[in-house]
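Reader: Could you take me through this structure? I am new to reading models of this kind.

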Amino acid sequence: MAAVVDRLDLVSYRALIEGLARFGDRRQGTERNALAVDWIEERLVEWGYEPVRLHYDYAPGSDTPEPREEVYATKVGVDEPGEMYVLGAHMDGIGEGQAANDDGSGTALVLEIARVLASSDIETGRSIRFALWNNEETGLNGSTAYVRQRAGLQGIEDPPGSGLYPEPRWLGMIQHDMMMWDHGNPVTHEQAFDADVDVEFQLNSARAAESAALGVALINANRTFATEYPAVLSNAMSNTDSAPFQDLSPAVSLRENRRLYETGNGANPHWHQPTDLVVTFSDADFRLGLNAAMTTLGAVARLAAVRIVPEE
Ligand SMILES: [Zn+2]
């Protein structure tokens with residue numbers, strides 16, 4: 001597994017953030033958002049995936065439909081194709097900057113893991129899905145649409161006898177939102193000495209115990225596979241795309257700071273601001289994001305039985 005995690009690359013991770021940042025803040029409903037969806041889909045195709053577009057209507061309280069789209073792709077399991085882990089991040093943003101950290105950093109994390117797992121010498125026992133949600137900033141509309149449309153399709157082989165499972169059963173949903181900035185509060189000029197990856201589950205959810213267990217799997221993977229930053233677990237997951245899943249599936253979120261107690265109290269002064277730009281972040285910041293990727297990939301590699309297979 002360490003050999004798989006070692007393939008995550010800081011230069012590639014940063015280049016993916018820069019690729020997303022070129023579209024600006026990717027606010028939902030804009031052309032720059034639609035172009036970013038295309039760009040994400042092109043990357044997945046380039047790596048050999050067959051991405052799927054989820055269509056939904058974003059029109060809260062309006063008479064006119066507002067069609068929106070988001071993309072997901074799947075590394076299909078060779079042992080248990082009908083079971084999967086979902087790795088998520090939201091590709092939309094606000095603030096009129098580049099939404100580099102919120103949530104270019106999470107989107108690039110999920111894409112970087114997808115890039116690594118696309119290698120022809122890597123197979124996975126269980127399926128792993130990469131979901132790049134749209135409309136997070138307007139109220140989790142993209143992830144909510146996914147849950148509404150697809151929860152009932154879980155584990156159904158379609159067509160029967162084909163061995164194909166368009167919606168494998170959800171074993172866990174791992175969300176990534178704002179991955180790079182842990183400079184303490186009040187803010188210091190570099191990563192704080194106690195900078196870490198914050199893993200959260202929601203105590204007041206139907207699947208809390210299993211979500212906590214998934215969180216512990218991530219904490220243990222961080223200790224084993226991450227090179228620089230530790231991870232900690234807490235129980236107040238909020239305001240993120242894992243929330244629509246939390247009563248149906250084990251669900252956790254990874255962040256640079258705890259959402260309610262730190263982000264919500266001003267821990268990141270660039271949050272939703274024009275200064276959420278690639279140039280705002282230091283190498284230490286990008287490495288915090290990559291350490292979160294090591295954490296997730298290490299955990300999912302164990303849980304889904306990812307392995308390197310000798311090539312012919
Ligand atoms: Zn966000």
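**Two cis bonds, a metal site and pockets**

Author: Asp-103 has its place in helix 4; helices (H or I, at least four residues) and strands (E, at least two) are DSSP runs, numbered from the N terminus. This is a predicted model, in which local features need pLDDT of at least 70 and side-chain atom pairs count only at pLDDT 80 or more, while totals for chains, interfaces and linings use all residues. Residues are numbered from 1 along each chain as its sequence is written, and side-chain values use heavy atoms, with hydrogens and water left out.

Reader: What kind of peptide bond runs from Asp-102 to Asp-103?

Author: That bond is cis, with omega near 10°. Another cis peptide bond joins Asn-185 and Pro-186, with omega about 5°. Pro-186 is in the loop between strand 6 and strand 7.

Reader: Is helix 4 buried or exposed?

Author: Helix 4 is largely enclosed by the rest of the structure, because 17 of its 18 residues are buried. Buried means under 20% relative accessible area, exposed over 50%, and partly exposed in between (1.4 Å probe, protein chains only).

Reader: How far apart are the end C-alpha atoms of helix 4?

Author: They are 24 Å apart, which agrees with the 26 Å that 18 residues should span at 1.5 Å a residue. The expected span is 1.5 Å times one less than the number of residues.

Reader: Which residues are the protein donors of the zinc ion?

Author: The donors are His-90 (NE2), Asp-102 (OD) and Asp-177, which appears twice (OD and OD), at 2.1 to 2.5 Å from the zinc ion. Donors are N, O and S atoms within 2.8 Å of the metal (3.2 Å for Na, K and Ca); water is not among the atoms, so sites may look incomplete.

Reader: Where along the chain do His-90 and Asp-177 lie?

Author: His-90 is in strand 3 (residues 80-90) and Asp-177 is in the loop between strand 6 (169-176) and strand 7 (197-200), so the pair, 87 residues apart, links distant parts of the chain. Both His-90 and Asp-177 are buried.

Reader: Now to pockets. What is the volume of the largest pocket?

Author: Its volume is about 330 Å³. On a 1 Å grid over the protein atoms alone, a pocket is an open set of points where a 1.4 Å probe fits, with protein on both sides within 12 Å along at least five of seven lines; lining residues have an atom within 4 Å of a point. The volume is the space filled by probe spheres set on the points.

Reader: Which residues lie nearest the centre of the largest pocket?

Author: Of the 17 lining residues, Thr-74, Val-76, Arg-129, Tyr-165 and Pro-166 lie nearest its centre. Strand 2 gives the most to this lining, with four residues.

Reader: How much space lies in the second largest pocket?

Author: About 170 Å³ lies there. Helix 3 provides the largest share of the lining of that pocket, four residues.

Reader: One last topic: what is notable about phi of Leu-140?

Author: Phi of Leu-140 is near 60°, a positive value in a residue other than glycine. Leu-140 lies in the loop between strand 5 and helix 5 (141-150), and at 16% relative accessibility Leu-140 counts as buried. Asn-239 also has a positive phi, near 50°, but Asn-239 is partly exposed, with a relative accessible area of 39%.
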